[in-house]
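Here is a short tour of one model, written for someone who likes to look at geometry. Keep the viewer open as you read.

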Amino acid sequence: MIFFKNINLRKINYGLILISMCLIIPISFKLLSNKKADSENILEIVSNLISFKTVYPNNPEEFTKCANYIKNHFKDTNLHIEEFEFNGSPSLVISNHKTKNFDIIFCGHIDVVPAPDNLFKIKEDNGILYGRGVSDMKGQVAVMMQIMKDLSQQKIEKKIALFLTSDEERGGFNGTNKLLNEENYSCKVAIVPDGGFNYNLVIEEKGVLQIKITAKGKSSHASEPWNGNNAITKLFDLYAHINSNFPSPKNQNDWKTSFNVGKIEGGDSINKVPNEASMYIDIRHIHSDKMENITNFIKNFDESLNIEILAIGKSFKTNENNTYIKQYIDVCESLLNRKIDIIKLHCASDGRFFTEKNIPCIMMNPEGGNIHCDDEWINLKSLSKLKEIYESYIENFIG
Ligand SMILES: [Zn+2]
């Protein structure tokens, strides 16, 4: 509540200063915003973005066309545009200051999952937009592009950048990951609107660990098990050990690490003790169950087991008590005129790359849903509201 008072005071101050100093001071961000124009601009940008079939691996030229459209959108501005390509995936960094250390980095992706041709033309029905990528996440990209364009018309000290990457749906390793870890971009807080519909704030997403565990044993005839060492039952024992220490979550609110045995291999004859067997396990782990702890847990049970890591995706976690996150929550609750919900999600996003760098990250979506489905949708008004939230957040940002 104290924060809201601050916002109002600041607006009054701007008004007074404007009058008394004859427009010398940069005009407050918020005073420039025009809701109708916002919504029209956002609709135009998102319609154009949707028309590019930015789907891997088939359409490299569509990524180029989409990137050209974005660069063209900023052509008459004083913003800086840096272009990168990591293993064939293009990324753009658009910013209002020439630096690598920003106050805020907005982060979005322009790649989408495959869809029939008709979904690459936006449809509007009563304020709801439909099309591939409207809510994952070209709608939010349109908002962030418009924010950057508005920023270009102002002289502000706050350093703001927008990452636009093109490989999030394939893991984000050749986009956000490289920008943070190889190009060394950094910021005080990141904004990744790629989760948490209906203005829910996401503070945690599970990590992924896929492993193949191989047990070695000793062959013998089935009638003489004392002469052999059964590799398959070694894996049964391991599974029972996992199950008793990590019971399966009962529903989506049961926030626990889960293990799924998806495939087993081993043995070649019913009358033989098998000397080798493998188990493939997909693990979705909460942030406090670190990957190394899980592999150590298996090793500690039976150190003869061989663990091969097949895929890794780290978890996302942000602290809701961090100052930047609290400022954001205050702005949201003031503009939405209600409390917002703080949630945890089972899926993954590029937010985890910011977690790895200990950068607090704001993850929140407007009203939308059914991502990756044919009826993916987003509410156009709520995109404008998201823009209002960003404007107010930037205006009141205390670095
Ligand atoms: Zn996404």
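## How α3 meets α5

In this predicted model, helix α3 covers residues 35–50 and helix α5 covers residues 134–152. Their axes come within 9 Å and cross at roughly 130°. An angle over 145 degrees would count as roughly antiparallel, and 65 to 115 as roughly perpendicular, so α3 and α5 are oblique to each other. The crossing of these two helices is right-handed.

If you would like to select the contact in your viewer, α3 contributes Asp-38, Asn-41, Ile-42, Ile-45, Val-46, Leu-49 and Ile-50. From α5 come Val-134, Lys-138, Gly-139, Val-141, Ala-142, Val-143, Met-145 and Gln-146. Sorted by class, the contact of α3 with α5 holds 10 nonpolar, 3 polar and 2 charged residues.

## Asn-41, a residue of that contact

Asn-41 sits in helix α3 and is one of the residues that α3 brings to the contact with α5. Is Asn-41 buried or partly exposed? Asn-41 has 19 C-beta neighbours inside 10 Å, and because a residue needs 20 or more to be buried, Asn-41 counts as partly exposed.

For a longer view along the chain, Asn-41 can be paired with Lys-206. These two residues are 165 residues apart in the chain, and 35 Å separate their C-alpha atoms.

## How α5 meets α11

Helix α5 also takes part in a contact with helix α11, which spans residues 380–395. Here the axes come within 10 Å and cross at roughly 40°. That angle makes α5 oblique to α11, since only angles under 35 degrees count as roughly parallel. The crossing of α5 and α11 is right-handed.

On the α5 side, the contact involves Gly-139, Gln-140, Ala-142, Val-143, Gln-146 and Ile-147. Leu-383, Leu-386, Lys-387 and Tyr-390 make up the α11 side. By class, the residues of this contact divide into 6 nonpolar, 3 polar and 1 charged.

## Backbone details worth a look

Helix α5 has one more feature for you to inspect: Met-137 has its place in this helix, and a cis peptide bond joins Asp-136 and Met-137, with omega at about -10°.

Two residues other than glycine have a positive phi. For Tyr-199, phi is about 60°. This tyrosine lies in the loop between β7 (186–191) and β8 (201–205). Tyr-199 counts as buried because it has 20 C-beta neighbours inside 10 Å. For His-372, phi is near 70°. His-372 is placed in the loop between β18 (368–369) and β19 (377–379), and with 14 C-beta neighbours inside 10 Å it counts as partly exposed.

## The two domains

How is the protein chain divided into domains? The domain assignment gives domain 1, made of 34–205 + 316–395, and domain 2, made of 208–313. Taken over C-alpha atoms, the centres of domain 1 and domain 2 are 39 Å apart.

The contact between them takes 7 residues from domain 1 and 6 residues from domain 2. On the side of domain 1 that touches domain 2, the classes are 1 nonpolar, 2 polar and 4 charged residues.

Terms used. Residues are numbered from 1 along each chain as its sequence is written. This is a predicted model: local features need pLDDT of at least 70, side-chain atom pairs count only at pLDDT 80 or more; totals for chains, interfaces and linings use all residues. Domain bounds come from an automatic or database domain assignment. Two residues are in contact if their C-beta atoms, placed from the backbone, lie within 7 Å. Ala, Val, Leu, Ile, Met, Phe, Trp, Tyr, Cys and Pro count as nonpolar, Asp, Glu, Lys and Arg as charged, and the others, Gly among them, as polar. Axes are lines fitted to C-alpha atoms, for helices over the stretch in contact, and angles run from 0 to 180 degrees between N-to-C directions. Helices (H or I, at least four residues) and strands (E, at least two) are DSSP runs, numbered from the N terminus. A crossing is left-handed if the near helix is turned anticlockwise from the far one by less than a right angle, and right-handed if clockwise. A residue is buried if 20 or more other C-beta atoms lie within 10 Å of its own, exposed if 12 or fewer, and partly exposed in between; C-beta atoms are placed from the backbone.
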